[in-house]
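Got the viewer open? Let's take a walk through this one, selection by selection.

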Amino acid sequence: MPPAITAESIAESVSRAIAAHNASEGTAIPAAADTALLGEGGAVDSLGLVRLVMTVERQVEDDFGVSLSLTDEKAMSQRNSPFRTVGTLTAYIGSCLAQP
């Protein structure tokens, strides 16, 4: 049985994914919620974001047994991108996992 899905467990999953991404890409993206991912001062470029999102999707599936596509139309059509910061990404994952 997968572990309970809580905001804290999602944040831990995202943190593990960032650590794996950093190790494979030779980057040093901080896992702090306020770390900017995109835009001015962002930690990744567009290709880096794609690789990071793929790593996060795999980690979420490993941790919770749920397959997510974080780059679907819902994500891309939001007024405020869920990829702005680590915190917004974590919150977006939470909202996706809460959907039946």
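## First stop: a buried acid

Select aspartate 63 to begin: with a relative accessibility of 16%, this residue counts as buried. Keep in mind that you are looking at a predicted model. Now add arginine 16 to the selection; this one is partly exposed, at 38% relative accessible area. The two form a salt bridge, and their closest N and O atoms are 2.7 Å apart. Zoom out a little and you'll see that the pair links distant parts of the chain, since aspartate 63 belongs to helix α2 and arginine 16 to helix α1, 47 residues apart.

While you're here, pick glutamine 59, also in helix α2. Is glutamine 59 buried or exposed? Buried, with a relative accessible area of 16%. Leaving aside residues up to four places away in sequence, glutamine 59 touches Ser13, Arg16 and Ala17. So arginine 16 turns up twice at this stop: as the salt-bridge partner of aspartate 63, and as a contact of glutamine 59, which is itself buried.

## Second stop: the other salt bridge

The count of salt bridges comes to 2, so there is one left to visit. Select glutamate 25 and arginine 51, whose closest N and O atoms are 3.0 Å apart. Again the link runs between helices: glutamate 25 lies in α1 and arginine 51 in α2, so the pair ties together parts that are 26 residues apart in sequence. Check the accessibility of each partner: glutamate 25 is partly exposed at 30%, and arginine 51 is partly exposed at 32%.

## Third stop: along α1

Now colour the whole of α1, residues 7-25. How many residues does α1 have, and what should they span? There are 19, which at 1.5 Å a residue should span 27 Å; the end C-alpha atoms are 26 Å apart, which agrees.

Show the side chains of Ser9, Ile10, Ser13, Val14, Ala17, Ile18, His21 and Asn22, the buried residues of α1. They pack against α2 and α4. Two of them, Ser13 and Ala17, you have already met as contacts of glutamine 59.

Stay with asparagine 22 for a moment. It counts as buried at 14% relative accessibility, and its contacts beyond four places in sequence are Thr27, Ala28 and Ile29. Between the helix and those contacts, click on glycine 26, which follows α1 and has a positive phi, near 70 degrees.

## Fourth stop: α4

Jump to α4, residues 86-98. Its 13 residues reach 18 Å from first C-alpha to last, close to the 18 Å expected. At the N-terminal end, select threonine 85, the cap: a side-chain oxygen lies 3.3 Å from the backbone nitrogen of glycine 87.

Which residues of α4 are buried? Val86, Thr88, Leu89, Thr90, Tyr92, Ile93, Cys96 and Leu97. Turn on the surroundings and you'll find that what covers them includes α1, α2 (46-64) and α3 (73-76).

## Last stop: colour by confidence

Finish by colouring on pLDDT. The mean for the chain is 92, with 97% of residues at 70 or more. Where is confidence lowest, and where highest? Lowest in α3, at a mean of 82, and highest in α1, at 97.

Key
Residues numbered from 1 in each chain as written. Predicted model: local features only at pLDDT ≥ 70, side-chain atom pairs only at ≥ 80, totals over all residues. Heavy atoms only, no water. Helix = DSSP H or I, 4+ residues; strand = E, 2+ residues; numbered from the N terminus. Expected span 1.5 Å × (residues − 1). Buried < 20%, exposed > 50% of the residue type's maximum accessible area, 1.4 Å probe, protein only. Contact = heavy atoms within 4.5 Å. Polar contact = N/O pair within 3.5 Å; in protein donor to acceptor, adjacent residues only side chain to side chain. pLDDT = per-residue confidence, 0-100. Salt bridge = Lys/Arg side-chain N within 4 Å of Asp/Glu carboxyl O.
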